[in-house]
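Student: I should like to take a close look at a single part of this protein. Please treat that part in detail and then place it in its wider setting.

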Amino acid sequence: MCPAFGGLRVLTRIEGSRVCLVADQGCLYGLTFVSHFYAARRSIMSPELMNVQISGGTMIDDVRFIIEKIAEDPAVTFIPVVSTCVAETAGIAEELLPEKAGNAVVKLVRLPAFQIKSHPEAKDVAVSTLLDRFADFDKPKKDKSLVVVGEIFPVDAMAIGAVLQRIGVESVVVVPGTDLDDYRTAGRAEACAVLHPFYERTAAIMKENGVGIVTGNPVGAGATAGWIEAVGQALELDMETVRRVAGEEREKAAAVIESFSGHAGKVIVAGYEGNELPVVRLLLEAGHEVPYASTSIARTSLVEKDHQLLSMLGTEIRYRKYLEEDKAAVLQYGPDLVIGTTSLDSFAKEQGIPAIYYTNNISSRPVFFAAGAGTVLGMVDGLLRKKQVFREMKEYFATLP
Ligand code: SF4
């Protein structure tokens with residue numbers, strides 16, 4: 001997956017936004033294709049950039065022309081100019097672009113893959129660029145207000161909102177989202193809960209502007225209580241209420257985890273979403289063995305707490321992984337279940353091992369609090385109970401002439 005996709009996913013979903021993509025034609029083809037599938041079905045406009053234009057010195061004029069064309073639509077209020085890998089497009093000079101065109105603010109977002117190595121990290125670049133340009137950091141902070149950073153399943157957003165309301169949080173915005181105003185409001189938050197560990201630049205820009213950072217996420221019993229208490233402390237809420245709610249949520253999550261603890265298996269988790277380690281933590285909490293986990297992102301400061309804990313509990317963790325490493329882990333550990341990328345899943349199934357696609361099965365279901373623990377562990381439990389079926393299937397196909 002081209003890393004720039006992550007940034008396009010964030011940028012194309014914003015209401016009133018229309019991307020001007022500064023990339024060569026091959027990249028444009030692939031990126032519009034994946035954006036229409038996995039982001040928003042919005043037009044992406046681009047100057048024609050073949051070798052002749054890139055080397056001919058007209059590129060910046062062509063980009064400016066397309067920006068003007070996009071701005072002819074009065075409904076467009078934001079034009080992200082996304083530059084990608086080719087040296088000339090990556091090095092485009094921001095000062096040569098207009099700051100405004102028609103009704104739209106124009107902003108350059110640089111997403112070259114030689115610098116931004118994975119699509120989660122490209123999301124971080126897009127979000128931090130938007131905050132840098134739009135956030136109202138210079139306005140007074142709003143009392144008891146929180147910005148939550150991370151793309152989350154809608155049910156998780158509702159669950160987070162309900163818990164935050166119970167502990168006394170008065171306003172919450174979630175980024176990345178579809179409303180540019182949320183990025184403005186984010187600058188007035190007192191604290192920022194960074195749910196996923198690849199939002200390192202975003203956390204840094206919030207911190208620089210006096211916003212308190214809460215790390216971690218409410219996945220699993222202990223972490224759920226810890227996260228609620230950390231939010232309470234960051235916003236200086238009534239800690240008696242916060243501890244009571246944290247205790248209740250811990251008990252609910254613990255009860256769900258306990259209900260799935262009788263049927264443990266050996267699971268390998270190998271996604272590319274950057275949010276794999278909390279899932280591993282949940283599986284370990286439920287008694288599963290997770291000898292190996294991998295992700296596409298780098299080892300960041302935000303991942304450190306999970307890294308230390310999971311390593312101590314025996315999970316070998318690979319960052320910026322290669323498919324070959326994941327395949328070697330399947331052969332080395334012989335898991336009962338693989339939650340991986342499509343290529344790894346095919347490989348695991350060839351060995352008769354049940355395997356599911358991480359993105360479609362984990363990132364598209366709730367994972368937070370007791371309800372999230374129930375859906376993830378319920379799915380894993382069901383798959384582990386069917387592992388014999390996969391073995392029989394493999395044996396059956398092996399008997400065919
Ligand atoms: S060359 Fe760069 S921008 Fe183009 S598809 Fe490849 S990684 Fe993406």
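Student: Which residue follows H7, and what is the sign of its phi?

Tutor: The residue after H7 is Gly168, and its phi is positive, near 105°. The model is a predicted one, and the description below should be read in that light.

The helix itself comes next. H7 comprises residues 154–167, 14 residues in total. From its first C-alpha to its last it reaches 20 Å, close to the 20 Å expected at 1.5 Å a residue.

The environment of its residues may then be considered. Asp156, Ala159, Ile160, Val163, Leu164 and Ile167 are the buried residues of H7. They lie on the same side of the helix, because the arc they cover around the axis is only 130°. A general property of helices is relevant to this pattern: an α-helix has 3.6 residues a turn, so residues three or four places apart point the same way. On the face of H7 turned away from the buried side are the exposed residues Pro154, Ala162 and Gln165.

The buried residues of H7 are covered by several elements. Among them are two strands, E5 (145–149) and E6 (171–175). The cover also includes the helices H10 (221–234), H11 (239–259) and H17 (369–385).

As to the wider setting, the protein is divided into domain 1 (4–116), domain 2 (145–256) and domain 3 (260–398). The centres of domain 1 and domain 2, taken over C-alpha atoms, are separated by 32 Å. Six residues from domain 1 and four residues from domain 2 make up the contact between these domains. On the side of domain 1 that touches domain 2, three residues are nonpolar, one is polar and two are charged.

Another helix offers a further point of detail. Arg64 is placed in helix H4, which spans residues 59–71. With 18 other C-beta atoms within 10 Å, Arg64 is partly exposed. Apart from its neighbours within four places in sequence, Arg64 is in contact with Leu97 and Pro98. Arg64 and Pro98 are 34 residues apart in sequence, yet 7.7 Å apart in space, C-alpha to C-alpha.

Finally, there is the ligand. The residues surrounding the ligand are Cys2, Ala4, Ala23, Cys27, Gly30, Thr84, Cys85 and Ala113. By class, this shell has six nonpolar residues, two polar residues and no charged residues.

Methods
Residues numbered from 1 in each chain as written. Predicted model: local features only at pLDDT ≥ 70, side-chain atom pairs only at ≥ 80, totals over all residues. Near = placed C-beta within 6 Å. Nonpolar A, V, L, I, M, F, W, Y, C, P; charged D, E, K, R; others polar. Domains from an automatic or database assignment. Contact = placed C-beta atoms within 7 Å. Helix = DSSP H or I, 4+ residues; strand = E, 2+ residues; numbered from the N terminus. Buried ≥ 20, exposed ≤ 12 C-beta atoms within 10 Å, placed from the backbone. Expected span 1.5 Å × (residues − 1). Arc of directions from axis to C-beta.
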